[in-house]
Amino acid sequence: MSTSVLSVRLPEELKRRLDDLGSRTGRSATFYVREAVESYIDDLEYAYALKAEAEAARRGEIKTRRLDEIAAELGLDA
């Protein structure tokens with residue numbers, strides 16, 4: 001796996017916590033930052049995609065349907 005460098009400024013307290021965690025576990029602070037980004041990036045991408053889609057729907061760029069229309073189509077309008 002190819003890697004590249006990213007420089008990040010962190011509050012001193014957060015950096016201290018990462019360093020302490022690394023000392024206790026034998027891992028580097030970089031390892032934990034990478035783990036955190038990897039575990040959170042999917043959620044961020046999904047949230048921003050939803051936001052963009054909602055904004056496009058509000059602007060009328062995406063065809064939408066009312067819930068009662070969908071329920072009727074599915075036979076759930078009893």
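Student: What span should the 14 residues of helix 1 have at 1.5 Å a residue, and how far apart are its end C-alpha atoms?
Tutor: In this predicted model, residues are numbered from 1 along each chain as its sequence is written, and local features need pLDDT of at least 70, side-chain atom pairs count only at pLDDT 80 or more, and totals for chains, interfaces and linings use all residues. Side-chain values use heavy atoms, with hydrogens and water left out. Helices are DSSP runs (H or I, at least four residues), numbered from the N terminus, and the expected span is 1.5 Å times one less than the number of residues. For helix 1 the expected span is 20 Å, which agrees with the end C-alpha separation of 20 Å.

Student: At what angle do helix 1 and helix 2 pack?
Tutor: Axes are lines fitted to C-alpha atoms over the stretch in contact, and angles run from 0 to 180 degrees between N-to-C directions. The axes of helix 1 (residues 12–25) and helix 2 (residues 29–58) lie 8 Å apart, and the packing angle is about 110°.

Student: Which residues of helix 2 make the contact with helix 1?
Tutor: Contact means heavy atoms within 4.5 Å. Helix 1 contributes Lys15, Leu18, Asp19, Leu21, Gly22 and Thr25, and on helix 2 the contact is made by Ala29, Tyr32 and Val33.

Student: Where does helix 2 bend?
Tutor: The bend at a residue is the angle between axes fitted to the seven residues ending there and the seven starting there. For helix 2 this angle is about 35°, and the residue is Tyr40.

Terms used
Helices (H or I, at least four residues) and strands (E, at least two) are DSSP runs, numbered from the N terminus.
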